[in-house]
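Trainee: I should be grateful for a close look at a single part of this model, namely one buried acidic residue and the elements around it. Please set out its surroundings in one connected account.

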Amino acid sequence: MSITLYGIKACDTMKKARVWLDAKGVAYDFHDYKVKGADRGELEKWVAEHGWEKVLNRAGTTFRKLPDEARSDLDAEKAMALMMAQPSMIKRPVLDLGTGQTVLGFKPEVYEAALA
């Protein structure tokens, strides 16, 4: 099982997830969107699994700074285009368990259960 953690290195929630995984001795690869970009195929899987509404980070400053017309009438395709253009709009972190299942965001109890 190959675990990958997707996100942005400087994000506070990402730091918490990385510290937690390291403390638990969980081996993982880190995919930094700022360095490697976002992969459309992976994004499509996450949207299929969780729905675009959960994958798109509407609370972040990147999304909130968009003009109103870019934020209106969202659907899966428009949301995915926004996330591909600016990966900072993808909910962070995304923990790919290597089993076809992913976890969005970071909550220690959710990680504990997912990795059990």
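Mentor: The account below begins with the acidic residue, moves to the sheet that holds it, and then turns to the charged pairs and two further buried positions. The model is predicted, and every value quoted here was computed from it.

The residue in question is Asp96, which belongs to strand E3, residues 94-96. Asp96 is buried and yet takes part in no salt bridge. Lys45 offers the nearest side chain of opposite charge, at 5.9 Å. A salt bridge requires a side-chain nitrogen of Lys or Arg within 4 Å of a carboxyl oxygen of Asp or Glu, so the 5.9 Å between Asp96 and Lys45 does not qualify. The side chain of Asp96 does have a polar atom 2.8 Å from the backbone nitrogen of Gly98. When neighbours within four places in sequence are set aside, the contacts of Asp96 are Ser2, Ile3, Thr4, Tyr6, Glu42, Gln101 and Thr102.

Strand E3 is part of an open sheet of four strands, ordered E2-E1-E3-E4, with mixed pairing. Strands E2 (29-32) and E4 (102-104) are at the edges with a single partner strand each, so one side of each has no neighbour in the sheet. On average, neighbouring strands of this sheet are turned by 20 degrees against each other, direction ignored. Strand E1, residues 4-7, runs parallel to E2 and is joined to E2 by four bridges. Within this pairing, Leu5 has Phe30 in E2 as its bridge partner. Helix H3, residues 40-50, lies across E1, E3 and E4, and runs at about 75 degrees to E4.

Which charged side chains do meet in salt bridges? A search of the whole structure finds five salt bridges, among them the one between Glu112 and Lys24, at 3.3 Å from N to O. This pair links distant parts of the chain, with Glu112 in helix H8 (residues 108-115) and Lys24 in the loop between helix H1 (12-23) and E2, 88 residues apart. Glu112 is partly exposed at a relative accessible area of 41%, and Lys24 is also partly exposed, at 47%.

A second salt bridge involves helix H3. Glu77 pairs with Arg40, and their closest N and O atoms are 2.6 Å apart. Because Glu77 lies in helix H7 (residues 76-85) and Arg40 in helix H3, the pair ties together parts that are 37 residues apart in sequence. Glu77 counts as partly exposed at 47% relative accessibility, as does Arg40 at 30%. Arg40 and Glu77 also belong to a network of salt bridges that includes Glu44.

A further salt bridge lies within one helix. Arg71 and Asp68 meet at 2.6 Å, N to O, and both are in helix H6 (residues 68-71), three residues apart, or about one turn of the helix. Here Arg71 is partly exposed at 29% relative accessibility, while Asp68 is exposed at 55%.

Two further buried positions complete the picture. Met14, in helix H1, is buried at 0% relative accessibility. Beyond its neighbours within four places in sequence, Met14 is in contact with Leu5, Tyr6, Gly7, Ile8, Phe30, Arg92 and Pro93. These contacts include Leu5 and Phe30, the bridge partners named above for E1 and E2. The C-alpha atoms of Met14 and Phe106 are 7.8 Å apart in space, although the two residues are 92 apart in sequence.

The other position is Asn57, in the loop between helix H4 (52-55) and helix H5 (61-64). Asn57 is buried, with a relative accessible area of 17%. The side chain of Asn57 reaches the backbone nitrogen of Ala59 at 3.2 Å; likewise, a polar side-chain atom of Asp96 lies 2.8 Å from the backbone nitrogen of Gly98. Not counting residues up to four places away in sequence, Asn57 touches Phe63, Ser88, Met89, Ile90 and Lys91.

To return to the request, Asp96 is a buried residue without a salt bridge, placed in strand E3, with a polar side-chain atom 2.8 Å from the backbone nitrogen of Gly98.

Notes. Residues are numbered from 1 along each chain as its sequence is written. This is a predicted model: local features need pLDDT of at least 70, side-chain atom pairs count only at pLDDT 80 or more; totals for chains, interfaces and linings use all residues. Side-chain values use heavy atoms; hydrogens and water are left out. Helices (H or I, at least four residues) and strands (E, at least two) are DSSP runs, numbered from the N terminus. Buried means under 20% relative accessible area, exposed over 50%, partly exposed in between (1.4 Å probe, protein chains only). Lys and Arg count as positive and Asp and Glu as negative; His and the chain ends are not counted. A polar contact is a pair of N or O atoms within 3.5 Å; within protein, one must be able to donate a hydrogen and the other to accept it, and residues adjacent in sequence count only if both atoms are side-chain atoms. Contact means heavy atoms within 4.5 Å. Two strands pair if DSSP finds at least two bridges between them. Axes are lines fitted to C-alpha atoms, for helices over the stretch in contact, and angles run from 0 to 180 degrees between N-to-C directions.
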